[in-house]
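Colleague: I have a few minutes before the group meeting. Can we go through this one together?

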Amino acid sequence: MIRRKICFFLALIWMVIIFAFSAQPSDESTQTSLAVGTMICKIIVPGYESLPLEEQRQMANNIEFPVRKTAHAAEYALLSILFFGTLVKDAKAKKKTGLLAIGFTTIYAISDEIHQWFIPGRNCHIRDVLIDTVGAVLGIAMLWLILYLNQWRKNRSKKDR
């Protein structure tokens, strides 16, 4: 019961964080994505900082879109896991609970896109809802895999005794 309350509280906090990022005007949001893209380039591109500034900017611009969409998927993967933790009561109801968590996450993704419609320079895109939903599905799939492997390990250790 306490785990479900903690997950609910964390889900609410995470939804507020997503809402805050979505409330950023287009220019500010792009700058945030470019900053992350620059950081990634510094880590994975040898000699990035010795490149001409214009070439550095171009590299960061080239990965801005994938960085932004990967962030979308990751945000919603975490949200679906938190919804799952809020909803799950019984170990036998994992499948139903996972699908419900994906559904709630998708509903929140739709509301987030509608919210962005009212932000200067931002738009409402079905594509983003689909990316967010894929993130939710991947989050639940990873969680199911972890739960399955954990149960398998427990059953194996019981068998070895």
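Colleague: Let's start with the largest pocket. How many residues line the pocket, and which lie nearest its centre?

Modeller: This is a predicted model, so read everything with that in mind. The largest pocket has 19 lining residues, and F21, S33, R68, A71 and E75 are the ones nearest its centre.

Colleague: What is its volume?

Modeller: The largest pocket comes out at about 350 Å³.

Colleague: Which helices supply at least two residues each to the lining?

Modeller: Helices α1, α2 (26–44), α3 (53–87) and α4 (94–117) each do. The largest share is from α3, with six residues.

Colleague: And how does the lining divide into nonpolar, polar and charged?

Modeller: Eight lining residues are nonpolar, seven are polar and four are charged.

Colleague: Fine. Now the salt bridges. How many are there in the whole structure?

Modeller: The search finds five. In general, side chains of opposite charge can pair when their charged atoms come close.

Colleague: Start with K69. Which residue does its side chain meet in a salt bridge?

Modeller: D128, with an N to O distance of 2.7 Å. K69 is in helix α3 and D128 is in helix α5 (residues 126–160), so this pair ties together parts 59 residues apart in sequence.

Colleague: Is K69 buried or exposed? And what about D128, buried or exposed?

Modeller: K69 is buried, because its relative accessible area is 10% and the cut-off for buried is under 20%. D128 is also buried, at 3% relative accessibility.

Colleague: Which residues are linked with that pair in a network?

Modeller: The salt-bridge network is made up of K69, R127 and D128.

Colleague: What about E54, which residue does its side chain meet?

Modeller: The side chain of E54 meets that of R57 in a salt bridge, 4.0 Å from N to O.

Colleague: How far apart are those two in helix α3?

Modeller: E54 and R57 are three residues apart in helix α3, so about one helical turn separates them. E54 is exposed, with a relative accessible area of 52%. R57 is partly exposed, with 46%.

Colleague: Which residue pairs with E49?

Modeller: K42 does, through a salt bridge of 3.8 Å, N to O. E49 is exposed at a relative accessible area of 60%, while K42 is partly exposed at 47%.

Colleague: Where is K42 found?

Modeller: K42 is in helix α2. The C-alpha atoms of K42 and A60 are separated by 9.7 Å, with their positions 18 residues apart along the chain.

Colleague: Changing topic. Which residues form the nonpolar patch on the surface?

Modeller: The patch consists of I2, I6, F9, L10, I13, I17 and F21, and together they have about 640 Å² of accessible area. F21 also appears among the residues nearest the centre of the largest pocket.

Colleague: Take I6 from that list. Where does it lie?

Modeller: I6 is in helix α1, which covers residues 2–22. I6 counts as partly exposed because its relative accessibility is 46%, and exposed would need over 50%.

Colleague: And K5, where is that placed?

Modeller: K5 is in helix α1. At 53% relative accessibility, K5 counts as exposed. K5 and K94 are 89 residues apart in sequence, and their C-alpha atoms are 18 Å apart in space.

Colleague: Last topic, a couple of single residues. Is Y76 buried or exposed?

Modeller: Y76 is buried, at 0% relative accessibility. Y76 is found in helix α3. Its C-alpha atom is 32 Å from that of E55, and the two are 21 residues apart along the chain.

Colleague: Then E113. Is that one buried or exposed?

Modeller: E113 is buried, with a relative accessible area of 1%. E113 lies in helix α4.

Colleague: How far apart in space are E113 and Q58?

Modeller: They are 28 Å apart, C-alpha to C-alpha, and 55 residues apart in sequence.

Colleague: Good, that covers my list.

Methods:
Residues are numbered from 1 along each chain as its sequence is written. This is a predicted model: local features need pLDDT of at least 70, side-chain atom pairs count only at pLDDT 80 or more; totals for chains, interfaces and linings use all residues. Side-chain values use heavy atoms; hydrogens and water are left out. Patches are made of residues with over 30% relative accessible area and no salt bridge: like charges are joined within 9 Å, nonpolar side chains (Val, Leu, Ile, Met, Phe, Trp, Tyr) within 5 Å. Accessible areas come from the Shrake-Rupley method with a 1.4 Å probe; for residues, only the protein chains shown count as cover. Helices (H or I, at least four residues) and strands (E, at least two) are DSSP runs, numbered from the N terminus. Buried means under 20% relative accessible area, exposed over 50%, partly exposed in between (1.4 Å probe, protein chains only). On a 1 Å grid over the protein atoms alone, a cavity is a set of points where a 1.4 Å probe fits but cannot get out, and a pocket is an open set with protein on both sides within 12 Å along at least five of seven lines; lining residues have an atom within 4 Å of a point. Grid points are joined across faces, edges and corners, and a volume is the space filled by probe spheres set on the points. Ala, Val, Leu, Ile, Met, Phe, Trp, Tyr, Cys and Pro count as nonpolar, Asp, Glu, Lys and Arg as charged, and the others, Gly among them, as polar.
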